[in-house]
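User: I'd like to go through this one and ask what stands behind each label. Could you take me through it?

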Amino acid sequence: MAEKNLSSLSAANAVRIEALADSIGAKLHECYQCGKCTAGCPMAGSMDLMPRQVIRHLQLGLLDEALHSRAPWICATCYTCSARCPHDVPISELMEAVRQQAERAGIRPIRRSHLFTKYFLLPLKWFGKNHELTLTMFYNLASGRVLQHFSYLPAMLKGSKLKIFPARVKNREAVRRLMENCEREAERI
Amino acid sequence: MARTGVIICHCGSNIASVVDVERVALAAGQMPGVTYAATNKYTCSISGQDMIKQAIAEHELDRLVIASCTPRMHETTFRKMLTKTSINPYMLEIANIREQCSWVHTDKEKATEKAIDLVHMAVAKVLKDQPLFTSSIPVHKKCLVVGGGIAGIQAALDVAEAGYEVTLVEREPSIGGKMVMLDKTFPTLDCSACISTPKMAEAGAHPNIRLMTSCEISAVTGYIGNFQVTIRQKPRYVNHDTCTGCGLCEEKCPTKVTNLFDQSLSKRKAIYKLFPQAVPAKPVIDSEHCTMLKSGKCGLCSKLCPLGCINFEDQEDFITETFGAIVLATGYDLIDWAKAYPEYGGGKYANVISGLQFERLVNASGPTEGHIQRPGDGAEPKTVVIVKCVGSRDPAKAKAYCSRACCMYAAKHAHQILEKIEGSKVYVFYIDVRTPGKGYEEFYDKTRADGAVYIRGRVSKIYEEGGKLICKGEDTLIGKQVAVEADMVVLETAMEPAHGSTETAATAGVSADKDGWLTEAHPKLRPVETQTAGVYLCGTAQGPKDIPDTVAQASAAAAKVLGLLAKDELETSPMISVVDAPKCSGCGFCEQVCPVKAISMVDVPSMYNGKRVTRTVAQVNSGLCSGCGACSAACRTGCIDLLGFTNKQILEEVDALWQE
C-alpha cells in the first residue's frame, strides 16, 4: 500500500473530520489507542479495520480510508465499546457518523447495507415498532435476492422469533410524527 | 583456660519446635572450653539478657556463644549488652540455629544434630576470639559538592542552611548547569530560568557556601569525615576579586566564537560571561580563542578595563582542603546524535536540531529572543516533526536505556510550538509515551488536545526535498507507511553521563555502571550513598532523570551529609583488615581487589642478611576499610587477616565440623 503523506492532506479534509466528530460531541484526540473497544467488539472478526483503527485513521486525517472501510457498516451498535472506553469516546456514535458521511458521499463499502438501514425504518414508521417480517420482505425484494434466508422462516415462525402480524402499539401516530421530524431534520443537514 | 558460656535460645517455638534445645545445651556443656551451657525462652528479651549477665558474673565467663537467630538480627543487641559486663563485646559468636536450621528443616533429629554442629563451630571460633576495640575518627564538618547544576546547588543550599560550610565546585565559569538553559519546565510550564536563577544567586551569596567556578577535582585522599581534596583552579585571566562585572571588556572584544551555551546557535566573545544571569557575574577569557593568549596581539580588554583586572599571565592553581563529606552531582550531556544517525542527515541539515537547541530557540534569553525560527534561514516553521527516543532505547546505535525525561519535554515542545506559531502542525513520532509523574499524563492529554498528532513509530529516514524535510515512518497503529513534509525537525536525544564524570567519580572512589552512570550503594534502599562511605551522589550523575526527581535526590543527599556532619566523631568498626608486614610479599594484589581503595603499597625499612633494605608492603587505611575481607581471600601469602574473622578462626570452625 502506498505511503500516506500526512502533511499534504487538504485543509478541507481536516474540517470534514472535525465536523464529523463535533456532530456527535466526540473528541478524537482523547483516544490513546488502547484497543479496549476492539477487544470487546462482537463484530470485530468480520471487520476490515478494527474499531480502534477507524478512529486512528480519523486522528491522522485519513478520512477516505475510514469512509471506505466496511467496519462501520458491520458495527452492530451494541455500545460495548462506548460503555468500556477509558476516555469516554462515543465510538458507536462515531461509527454511525462515519456511515452517514459515507452514505452522503455515495460510498458503499458493502453493496446492500444501506438498503437494510433504509428498510429498517419503514415498519417502524408504519407500525410504531419494528416488524422483522416486513423488513425482511422489503430488504429481500430491494436487494434482488428474494429467497435469501427463506429456509429459516418456518423455524423462526414456530419459535416465535418472527411474528406474522406487526405488534400493536398504542400511539403509533406519535411515533410517525417523531420519525417525520427526524427525516426533516436529516434533510436539513 | 577459657571460660565459655553457651546460651541456646528457644525463640519461643521458632527454634524449640524443631530443635531439641535441651539436648543441644547438654552437648554444648561437654565441649572443650565450655564452663556454662543453658537454654532460654527469649534470649533477646530484657529478662533473657539479665539471665546472661547473671551467668557471666556467677561463672566468671570470659567469652560467649549464643545459638539463636541470624547475627543480622541481634548481634548488635548482644554486643551492646556485653558492654555492661566484664566481657569484651567482640568475644561473642552467634550460632544461627533459626534461619539456617529450625526454619528450613522438619526432621527434628537431624535438625538437632545440625544445631549441635553449628554450636560446636561457634565454640571453636570463640576460643580464638581476641578482644577488639572500636576507635573513633573526628569528622571534619565541611562538605564538598562537585557540580553546580540544580542538583549541586540544591544539595549545597540544604547543607549550608543547616549551618555547615560547603564548597561548591563547578568546572564551567558559572553555576546553573543544564536547567538554566531550558525555557519552561513541564508539567507546570513555569519558566526554568525564573525558578533556577534565584537559587543560583542564593548559592552565590550564602555565607556558608564558597563557590569555586572554573574548577575541577584533581585528587581525593583520606576517608569518611576526613577527605583531602585537591581542587584545580583553571586560569580565568580575570581577577574576580576586583572585577565588578561591568561588561566593557566583553562588549569590545573583537573575537567572536561559537556559543556552546546556546548550543552553537549564536556567537559569543573570547572574553565572556557564560550567560547574562551567570553566577558569579564576572567574565573569564577563553584561552583557546583569545588572540592575545594565542599570538600575543590584541589585549584590548586589558587596555579598556578600568580596574586593571585582566591578567594574561594567570596560571592554574591547586588548592587542597579537608572535607568530611563529598556529594557528586556531575550531571549529564546529550549524546552526539549526528555520529550515530546518518539516516537523520548526520548533522548536514541545519533545520534538524536537538531538543536542547530547541530550548535555546524558544528561550526569551536565547539567540532568537524566544521566536521559534529555524536555524537554516530564520523562517518560522509551520510544520514541525518531533522524534523521540533518538539514541535512547537503541542498543544498536547508542544507548539501551530510556532517558526518562524526553517523553515529557517532547510534549512540552509540541505544546510550545502550537502555542507560539499560529496555524502550526506538530507530529510527534514515538515508541511509547511514558508519563509517570504528578500531572504528567494530564499534560500529555492536553498536548494532544492542543492538536499535536502522535504517530506511533520511529522515523526511519529524514531527507531534504524541495526545501522540506521529508520524515518517513510507519504508524504502527494502522500498519501503514507515513511521511511528513516538515519545515523543522526536533530530535529528543538521549542523555549520557557528563563527559569526564566517571573519571571525577573514580577519583573519589565511586564506580560507574557500563553506561557511565555512577553506582549507588543500593538501588532501592541506599539510593544516594555510594560504596565509599562519606561520598554521596544525586541528580543525573546517577542516571537520567527530570528536575523534580533531581531536586528531591539532592535534598536526600544533603540529609545524608547532615547526618554525618552532625556527629563530632565516628565510631569505626574494629573488624577490619590487618597486614602481617614481615610476611607480605608486596605483590599488590590486595590493592587491586579492594573495592574501597583502603589498601596502598608503602615502602618500609627492613633487615635482610644483616643489611638495611627497603621492602614494599601493603598498608590498610583503617578509616576506609569496610571489613569486606576481599584482600584476605586474595592474599597469596596469607598475611592479611580480617579481625573477627581471622584465617585461624575460620579454620578452627571447619575443623570443629569434622571432629566427632
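Analyst: Sure. Let's start with one pair: A:Lys4 stands opposite B:Val482 in E26(B). Next to that, A:Asn5 stands opposite B:Ala483 in E26(B). Keep in mind that this is a predicted model, where local features need pLDDT of at least 70, side-chain atom pairs count only at pLDDT 80 or more, and totals for chains, interfaces and linings use all residues. Residues are numbered from 1 along each chain as its sequence is written, while chains are lettered from A and ligands numbered from 1 in the order in which they are written.

User: What makes E1(A) and E26(B) a pair?

Analyst: Two strands pair if DSSP finds at least two bridges between them. E1(A) and strand E26 (residues 480-486) of chain B have two bridges, in the parallel sense, so they meet that cut-off. Strands here are DSSP runs of E with at least two residues, helices are runs of H or I with at least four, and both are numbered from the N terminus.

User: Which strands make up the sheet, and in what order?

Analyst: Four of them, in an open sheet with mixed pairing: E1(A)-E26(B)-E25(B)-E24(B).

User: Why are E1 of chain A and E24 of chain B called edges?

Analyst: Strand E1 (4-5) of chain A and strand E24 (459-465) of chain B each have a single partner strand, so one side of each has no neighbour in the sheet. In general, strands of a sheet pair through backbone hydrogen bonds, either parallel or antiparallel.

User: How many residues does each chain bring to the contact?

Analyst: Chain A brings 14 residues and chain B brings 15, with contact meaning that C-beta atoms, placed from the backbone, lie within 7 Å. On chain A's side, E1 and helix H3 (51-60) each supply at least two residues. H3(A) gives the largest share, five residues. By type, chain A's side divides into three nonpolar, eight polar and three charged; Ala, Val, Leu, Ile, Met, Phe, Trp, Tyr, Cys and Pro count as nonpolar, Asp, Glu, Lys and Arg as charged, and the others, Gly among them, as polar.

User: Why is A:Glu18 called exposed?

Analyst: A residue is exposed if 12 or fewer other C-beta atoms lie within 10 Å of its own, buried if 20 or more do, and partly exposed in between, with C-beta atoms placed from the backbone. A:Glu18 has 12, so it counts as exposed. A:Glu18 is found in helix H1 (residues 11-23) of chain A.

User: And how much of chain B is buried?

Analyst: Of its 660 residues, 47% count as buried.

Methods
Two residues are in contact if their C-beta atoms, placed from the backbone, lie within 7 Å.
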